4 protein chains.
Amino acid sequence: MIDERKLDDCSNKIKVLQATNNVRELQTQIRDKTTARDRFVFAADRLIRLTVEAGLTLLPYSEFKVVTPHGFTYEGLTHQPGNCGVSIMRSGEAMEKGLRECCKSMRIGKILVTTDEETGVANVCYLKFPADIATRKVLLLYPIIKSGDTCVKAIEKLLENEVPQESILLLNLFATVEGARCLSEQFPAMSILTTELSETDIPTNFGRRYFGTD
Amino acid sequence: MIDERKLDDCSNKIKVLQATNNVRELQTQIRDKTTARDRFVFAADRLIRLTVEAGLTLLPYSEFKVVTPHGFTYEGLTHQPGNCGVSIMRSGEAMEKGLRECCKSMRIGKILVTTDEETGVANVCYLKFPADIATRKVLLLYPIIKSGDTCVKAIEKLLENEVPQESILLLNLFATVEGARCLSEQFPAMSILTTELSETDIPTNFGRRYFGTD
Amino acid sequence: MIDERKLDDCSNKIKVLQATNNVRELQTQIRDKTTARDRFVFAADRLIRLTVEAGLTLLPYSEFKVVTPHGFTYEGLTHQPGNCGVSIMRSGEAMEKGLRECCKSMRIGKILVTTDEETGVANVCYLKFPADIATRKVLLLYPIIKSGDTCVKAIEKLLENEVPQESILLLNLFATVEGARCLSEQFPAMSILTTELSETDIPTNFGRRYFGTD
Amino acid sequence: MIDERKLDDCSNKIKVLQATNNVRELQTQIRDKTTARDRFVFAADRLIRLTVEAGLTLLPYSEFKVVTPHGFTYEGLTHQPGNCGVSIMRSGEAMEKGLRECCKSMRIGKILVTTDEETGVANVCYLKFPADIATRKVLLLYPIIKSGDTCVKAIEKLLENEVPQESILLLNLFATVEGARCLSEQFPAMSILTTELSETDIPTNFGRRYFGTD
């Protein structure tokens with residue numbers, strides 16, 4: 001379900017959702033500037049759910065024996081407790097619905113990074129994390145990585161709150177190679193899962209289209 | 001996302017959803033006789049959606065160029081029109097919600113196969129198909145394949161309605177090897193996608209638990 | 001939220017959802033022959049949810065004291081256990097999703113009534129009820145009442161299974177005055193909740209449009 | 001569906017959702033400190049949807065004639081275009097899902113008001129509105145009104161962006177009488193719809209419980 005891609009000069013690997021036909025169709029609908037908004041939202045929600053499900057495979061599981069209705073023992077799996085989500089506002093919030101549809105009761109924190117329109121400097125101006133976030137695996141939600149600056153600020157805040165890099169899985173829909181490399185270099189122990197790495201053109205208006213504020 | 005498994009004496013291949021950890025956890029929750037009903041339904045809905053998404057990758061797509069908001073051309077994909085769903089009552093109806101969540105407007109037909117409790121003979125006693133079903137690809141929905149008899153009756157009705165075997169994709173959650181082989185032998189050109197093949201113990205009470213009529 | 005309407009010659013009352021503007025808009029979209037199918041389904045789901053919520057107000061509740069996070073006692077309500085849904089196939093199944101969205105774990109039985117195309121006689125050819133249905137309140141789901149024959153057959157089966165008339169609440173979207181009167185006369189202790197009573201023109205193609213089998 | 005309540009010294013009226021049994025049960029579950037989080041979220045989502053549906057009845061509609069599949073003319077209604085949602089972060093975001101389930105494609109803006117923990121002063125530190133918000137009706141989403149300070153800040157920003165008071169409908173779940181009076185006095189032409197007015201004890205932890213950051 002996941003391909004791994006080694007960027008030349010990175011110490012770790014970027015994981016990319018397998019480009020099956022349904023995934024490619026969803027990416028196409030999201031990129032198409034003529035897609036009507038309700039169809040855009042539907043396609044985005046599907047792609048986000050597929051990304052979340054693939055991300056869940058990367059979290060730790062334990063063996064778990066259960067008894068079936070016919071009385072047989074079945075050697076199954078259960079996820080280890082202690083995961084949470086953190087969405088980077090604003091576009092990361094579009095991924096909360098998909099996360100909730102796969103993990104009904106997962107705690108979801110939030111962080112707001114704004115970019116100064118003149119200087120281009122990213123700045124954290126709000127955050128709300130689960131109290132015990134340092135002990136949790138964190139699914140960090142952000143759909144579009146261009147330069148990566150916004151994610152850098154958010155990740156720095158997680159680290160300040162004593163979340164180890166190893167505990168962070170950044171779930172992303174579209175990333176530039178440059179942005180992914182930048183994050184990968186700065187946070188080599190963090191995992192990144194995306195659905196597509198591009199040289200240049202990524203749907204930077206994703207959040208505005210999803211919420212209709214374009 | 002999909003593994004292929006060659007049954008010894010079958011001419012065609014059974015496709016099996018890759019047994020990633022999240023898939024295995026969902027199978028475990030569905031098999032566990034102690035799972036509460038709302039959790040059972042939530043796990044079933046997730047596994048069904050994953051099966052539907054994997055099934056959609058097997059349908060035909062066409063190349064589709066779109067223009068992005070930045071004015072670039074993107075070489076994408078779009079599914080070919082002319083698909084429909086058919087659920088085999090009653091347990092197949094549990095899969096309609098997941099189908100709808102991936103294919104919002106897909107037409108969904110229905111077929112009721114009942115089994116005589118004394119003779120064990122399966123019998124079709126109701127069907128409602130889209131008028132032009134013979135020209136459509138059919139996602140046939142049935143979660144549990146034990147002997148395969150129920151599916152055989154349903155597939156025969158599709159063939160009577162001039163749907164070619166090649167146009168049928170049976171989406172299934174749990175199958176016995178024997179049942180899958182039986183279907184595969186009788187309908188060698190039909191595709192089957194399941195999440196798990198077992199020697200014996202499969203959750204035959206799936207539909208009753210999903211709908212709460214156990 | 002509910003208006004009551006006394007039909008001239010009926011002993012009991014038909015309850016009608018208050019015709020607020022949003023309800024009337026949904027009825028308009030469902031009646032409009034030009035409404036696209038995904039919009040039709042969306043409007044139907046909203047109207048069904050409103051009908052289910054209004055229906056839930058008619059079931060029995062008990063006083064229920066709870067303690068708030070601030071330590072105060074709050075005199076609240078809780079529904080009495082022992083309700084279930086029964087959908088009359090096929091169009092009644094369109095109401096299952098809305099029922100589930102308001103009552104996550106409610107058990108849902110099913111009954112298939114077919115009409116002989118030559119004689120016009122309605123006939124029950126399949127049913128699956130929760131085992132203890134005689135002790136439950138039954139939300140009977142059927143969106144379109146024209147002559148009422150289909151509902152009569154279904155209700156007779158409930159009575160055969162020892163469900164008292166008083167325990168049945170028929171949830172309906174569109175009914176003819178004649179059909180509603182017929183049901184009301186035959187089953188005077190049963191409750192009926194609809195969103196609109198019409199002299200003649202009701203959207204009899206509702207189920208086929210919802211499922212796309214027209 | 002809606003009751004009106006005149007506060008003694010207010011020039012306008014506060015609208016309160018009718019306290020039917022199902023509404024009271026949902027309020028009880030949300031207030032109950034022992035409610036598990038997935039049940040809390042389910043109850044909140046239902047109550048939010050009922051509030052949104054009731055709020056939609058207060059927006060402007062136009063007469064709209066449609067032709068039914070049987071060829072009859074039906075005198076219906078359609079809502080006037082030009083509505084949008086604005087959620088006040090963070091707890092107001094919990095109401096976005098319910099808004100989306102009733103108004104699939106509605107544009108949703110956002111405003112972040114933070115409260116200085118030392119001085120208690122509320123401050124707007126982020127906002128994102130649809131470009132043409134001044135010409136739209138605004139469904140302002142905020143579930144808990146205690147002092148009303150947070151809403152005051154948000155409403156002031158709407159007014160600065162030239163949204164007339166008359167165009168604002170504040171959708172709320174729980175309000176103190178004092179908070180509602182404060183808003184009503186300051187913005188007499190704005191509409192407020194809530195599900196419950198209390199003297200003191202309101203579930204101020206609503207947002208934290210909904211998102212699991214308590």
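This is a conversation about salt bridges in a predicted model.

Mentor: Residues are numbered from 1 along each chain as its sequence is written, and chains are lettered from A in the order in which they are written. Because the model is predicted, side-chain atom pairs count only at pLDDT 80 or more, and side-chain values use heavy atoms, with hydrogens and water left out.

Trainee: Why is the contact between A:R46 and B:E53 called a salt bridge?

Mentor: A salt bridge is a side-chain nitrogen of Lys or Arg within 4 Å of a carboxyl oxygen of Asp or Glu. The N to O distance between A:R46 and B:E53 is 2.8 Å, so the pair meets that definition.

Trainee: What makes this pair join two chains?

Mentor: A:R46 lies in helix α2 (residues 37–56) of chain A, whereas B:E53 lies in helix α2 (residues 37–56) of chain B, so the pair joins the two chains. Helices here are DSSP runs of H or I with at least four residues, and strands are runs of E with at least two, numbered from the N terminus.

Trainee: How do you know whether A:R46 is buried or exposed?

Mentor: Buried means under 20% relative accessible area, exposed over 50%, and partly exposed in between, with a 1.4 Å probe and protein chains only. A:R46 has a relative accessible area of 6%, so this residue is buried.

Trainee: Why is C:K97, which forms a salt bridge with C:D45, called partly exposed?

Mentor: C:K97 has 31% relative accessibility, and therefore counts as partly exposed, while C:D45 is buried at 8%.

Terms used. Predicted model: local features only at pLDDT ≥ 70, side-chain atom pairs only at ≥ 80, totals over all residues.
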